[in-house]
Structures are given as structure tokens and as C-alpha cells.
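This report describes selected sites of one protein structure. Please have the sequence and the model open while reading.

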Amino acid sequence: MTSTLLAVPLAQVETPLLAVALGQGSALPPSLAELERSAGGVLGRAITSGDFKGKRDEAVLLYPSGGKAQRILLVGLGKSAEVTRSSIRRAAGVAAKRARSLGATQFAFAIAPEARNGVAPTDLGQVIVEGAGQGAWAFTELKAAPEDPKPEVEAVAVVCDAKEATQVAAGQKIGEGVAAGHQLARYLQMLPGNVCTPSYLADRAKQLAAAFGFGLTVLDRAAMQKEAMGALLAVAQGTQQEPRFIVLEYRGGGGDTAPVALVGKGVTFDSGGISIKPAQNMEDMKFDMSGAAAVLGTFEVLGRLKPRLNVTGVIPSTENLPSGTAVKPGDVVKSHFGKTIEIINTDAEGRLILCDALSYVRKFKPAAVLDAATLTGAVVVALGHVAIGVMGNDEVLINEVRDAGERAGERCWPLPLWDDYRELLKSDIADVKNSGGRGAGTIAGGWFLREFVNGFPWAHLDIAGTAYTDGEPPHQTKGPTAIGVRLFTEFLLKRAEA
Ligand code: BES
Ligand code: MN
Ligand code: ZN
């Protein structure tokens with residue numbers, strides 16, 4: 001999807017669909033008076049009849065009796081005083097989804113100035129394009145075309161005041177980069193496990209490296225053995241699929257400035273292994289590479305936007321399957337870090353592959369390390385599908401991540417890694433065990449990782465609740481959410497500015 005800028009009055013916008021975002025309120029905002037006149041009073045009638053109230057996610061489609069827009073879609077932003085970047089992004093998503101279902105190949109999006117609540121013009125350009133890309137996305141590749149195929153939504157036109165055009169356009173550029181990364185991440189997430197294997201992810205990393213000139217290192221099983229990645233190899237020993245350890249290096253900063261490292265869990269299918277999962281919803285475990293998708297999506301954004309900093313992406317990737325060669329409950333393995341691990345539950349595999357990655361990244365002397373992983377079902381119990389669970393060893397970094405999440409519309413909520421919880425991981429036989437039992441499951445996962453973090457500020461994002469949706473949300477397509485792409489991007493762009 002592309003985007004264009006229209007620095008003209010609303011009534012002059014010629015389009016199959018003009019989406020106008022409004023806050024909650026009783027009257028038609030004065031800024032829409034001219035559009036209202038040309039549209040034959042259709043906006044006012046929708047409002048005075050009470051059919052449109054401006055609530056979040058509300059959308060009312062109108063057919064104006066005159067003017068240049070074939071259709072007008074009023075989209076609700078919620079209470080005007082609470083409007084943020086995220087509400088505008090969301091409204092653009094709602095509009096794009098409607099454009100798609102209407103079969104409109106393009107649409108225009110405007111926000112009533114009265115509803116903007118001080119959101120800056122660059123932010124406006126950015127989030128409208130992000131939201132539009134998100135709402136218009138669909139995965140159709142593996143189905144025969146329907147008899148009445150809906151065309152792609154090819155473009156969004158951002159309508160703005162001429163005085164702000166330059167700034168809106170600058171934000172729009174960022175939005176286009178983010179939308180592209182978002183699209184890649186969702187696509188990779190959506191692909192089934194028999195297509196999106198560890199070597200497939202490595203191939204996609206290779207394509208990114210070739211397209212944007214990133215450094216790339218890919219370790220196969222033999223190379224992992226040389227590296228003594230005993231925990232990752234323990235998970236990988238049960239499957240015929242070759243595991244991959246993928247390292248991407250983006251150098252946009254000065255030669256030797258310390259990179260930010262992004263680590264993503266890349267379990268391309270998680271059956272649980274010998275500690276096998278129930279069959280119900282097991283197919284969703286193709287999404288267990290969502291952290292990896294977030295890293296690759298972010299590299300797409302980096303390649304396009306080229307911010308001034310260095311970033312290293314690390315993806316440990318394998319399947320987790322039961323077999324005659326699979327690792328067993330009770331087995332003890334030696335990690336890359338050197339600590340021994342008693343594997344109590346082979347379904348706690350994410351932490352096993354991540355601990356070797358967190359150990360490996362020491363060689364880059366990173367300024368900060370963020371990992372994203374669909375690590376625990378328990379985070380869904382704690383936070384539902386609304387927030388990422390964040391933990392780490394550095395309060396300042398955790399707050400920086402939370403601020404980025406807020407800007408990104410990917411909110412994080414902290415869980416404590418107090419010493420008391422370390423007890424959960426005490427093993428009778430090894431330095432640490434990989435599962436702590438029923439209580440505090442997300443924290444136990446975080447604490448396990450912390451055992452392998454040494455020498456850098458680190459934050460862990462448990463995205464198991466936010467990586468995909470079961471139902472159809474109003475502003476995005478059902479399924480993968482590309483969670484992490486926007487948060488990582490906001491985090492990195494802010495660091496690049498500093
Ligand atoms: N990939 C799962 C976590 C998960 C659950 C992701 C639901 C998305 C939705 C992870 O590998 C896992 O199985 N975790 C176990 C850990 C336990 C055995 C300590 C879990 O959450 O049950
Ligand atoms: Mn598992
Ligand atoms: Zn898993």
C-alpha cells in the first residue's frame with residue numbers, strides 16, 4: 001500500500017471513500033461546515049439522529065447527495081480529551097478495513113482539527129499510514145480466488161492543512177516504513193509451520209540482507225555445536241528440520257558505537273515436545289515465531305528508514321517436536337553461557353533457545369538488549385490480550401520500552417523480578433531448572449532468562465497474549481498482529497535521535 005498527501009480542503013477531496021475521524025460530542029464540528037454543505041447535510045443528520053456518537057471504533061457510512069466524495073465514513077475516536085496517536089492509528093485501521101470490504105482501491109482519511117487533541121502533524125502522518133496498512137492487510141495466498149474477489153486497498157490519501165503538509169509528509173514516510181515492516185511480520189506469522197521453517201526464516205533474513213545491505217550470519221546445527229549452544233540444540237534435537245541461528249547487523253550509526261540488540265523467539269512450531277500440548281488450538285503454535293517476525297519486520301523498517309544507530313537482530317529458530325531423539329523431562333543440558341539446565345518440561349522451550357541467544361549477544365557488547373517472545377500462557381492469564389508483559393534488569397530501560405510501547409500503541413505492563421521468585425527455578429541436580437510449576441509462570445520465564453543475562457541492560461517482552469487474535473478486532477484483520485514491530489521501531493527511532 002502506498003500513501004499520498006492531499007493538502008486541500010475536505011470538500012475538495014475527490015475519492016471513492018472519505019473517512020473523517022471525529023471525537024465524541026453532540027454537534028458537528030465547525031471545521032466540517034463546508035463539507036457538510038457540499039454533501040447535502042448528511043453528516044449533521046447522522047449526528048443529530050444519534051446514529052453516530054463518535055465512540056471508539058464506531059463507523060457510520062454515509063452516501064452524500066452532492067460533493068466530490070462518493071461515500072463518507074464517519075469514524076469515532078472516543079472522548080476528544082483522550083485522543084492520542086494510538087486512537088488515530090486505530091481509527092485509520094477501522095476506515096481501511098471498511099475500504100477493503102467496500103472494494104474501494106483507495107480512500108482518503110482526515111481528522112477533524114477539533115478532535116486532534118494536540119497530536120503533532122508528523123505523528124498524524126505516521127499513524128494514519130500505519131493504521132491504514134494494518135486495517136487493509138489480508139492474507140489470501142493459500143486460497144483459490146473467490147468469485148467476486150475484493151481488490152487490494154492500494155493507497156491512502158492523508159488529508160491535511162497546507163500549512164502542515166511538510167511535517168505530515170515526513171511522518172508519512174515513517175509510517176510507510178513501519179507499514180512495510182508490519183506487513184512482513186504479519187505475513188511470516190501467518191505462514192503455516194510447514195512453510196515457515198527455521199531455514200525459511202533464514203532465507204527471508206538473507207533477502208533482507210541483500211536488499212538493504214545488512215550483515216548476515218546464519219549458524220546451522222554443526223555451527224551451533226561448535227558454539228556450544230547446548231540449550232538451543234536440546235530443543236532442536238527432536239526435529240528433522242534443520243535449526244537456524246540468525247544474526248542480522250544494521251550499521252546506521254558510527255563505526256564502533258554499541259548496538260541495540262533485538263532478540264526474537266523463532267519456534268516455527270511448538271507442539272510442546274515430549275511434554276506434548278493438548279490438540280485443542282495447537283495449530284496456533286505456528287505463531288510461536290512471532291518474536292522472530294517482529295525482529296525481521298523491524299529490520300525491514302530499518303532498511304527503509306535508515307536511522308542513525310547500530311542494531312543487531314538475533315533469531316534462534318527451531319521446531320519443538322516429540323520424537324525418539326527428542327529431549328526428555330529430567331534431561332540436563334549445558335547452555336552456551338555455561339550453566340547447566342534441568343529440563344523439567346520440554347514445553348518450556350522458548351527460554352531454552354533464548355538463553356543461548358542472550359548469552360551469545362554478549363560478543364556484540366550491546367548498549368541494550370530487548371527480547372520478544374511468545375513465552376508463557378500465563379501472561380494471557382495476567383494481562384489478557386491487551387498488554388505485553390515486560391520484565392528486565394534495568395528500570396530505566398524498562399521505562400524507555402514502556403514509553404515506546406505507549407507511542408506505538410503496543411502497551412507493556414511490568415511484572416517484578418524480585419529475588420523471592422528465584423526460588424521457583426532451583427533444581428536438585430543442575431544450576432537451574434526450566435520450569436517452576438503453576439504460580440507466577442510469566443515471572444519464572446523472565447527469571448530464567450535473567451540467569452543468562454550478564455553485562456548489559458535488558459528487557460524481556462512476553463508477547464504470548466498479544467501476538468495474534470482469535471476474534472476479528474475492529475481495526476485489524478483477525479490473526480497475527482505483528483506486535484513488536486512498532487514498539488521496536490519507536491524505541492530505535494527515539495534512540496537514533498538522542
Ligand atoms: N509457546 C508457548 C507459550 C504460549 C502459550 C504462546 C499460549 C502463545 C499462546 C510456550 O513455549 C509454552 O509452552 N510455555 C509453557 C511454559 C510452561 C511449561 C512452564 C506454558 O505457558 O504453559
Ligand atoms: Mn512451549
Ligand atoms: Zn513456545
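## Metal site

Donors are N, O and S atoms within 2.8 Å of the metal (3.2 Å for Na, K and Ca); water is not among the atoms, so sites may look incomplete. The model is predicted: local features need pLDDT of at least 70, side-chain atom pairs count only at pLDDT 80 or more, and totals for chains, interfaces and linings use all residues. Residues are numbered from 1 along each chain as its sequence is written, chains are lettered from A and ligands numbered from 1 in the order in which they are written, and side-chain values use heavy atoms, with hydrogens and water left out.

The manganese ion (ligand 2) has the protein donors D270 (OD), D347 (O), D347 (OD) and E349 (OE), at 2.1 to 2.2 Å. In sequence, its donor residues follow the spacing D-x76-D-x1-E. D270 also bridges this manganese ion and the zinc ion (ligand 3), and the two ions lie 3.1 Å apart.

## Placement of the donors

D270 is in strand β10 (residues 266-270), and D347 is in the loop between β13 (340-342) and α10 (350-360), so the pair ties together parts 77 residues apart in sequence. Helices (H or I, at least four residues) and strands (E, at least two) are DSSP runs, numbered from the N terminus.

D270 counts as buried, at 3% relative accessibility, whereas D347 counts as partly exposed at 22%. Buried means under 20% relative accessible area, exposed over 50%, and partly exposed in between (1.4 Å probe, protein chains only).
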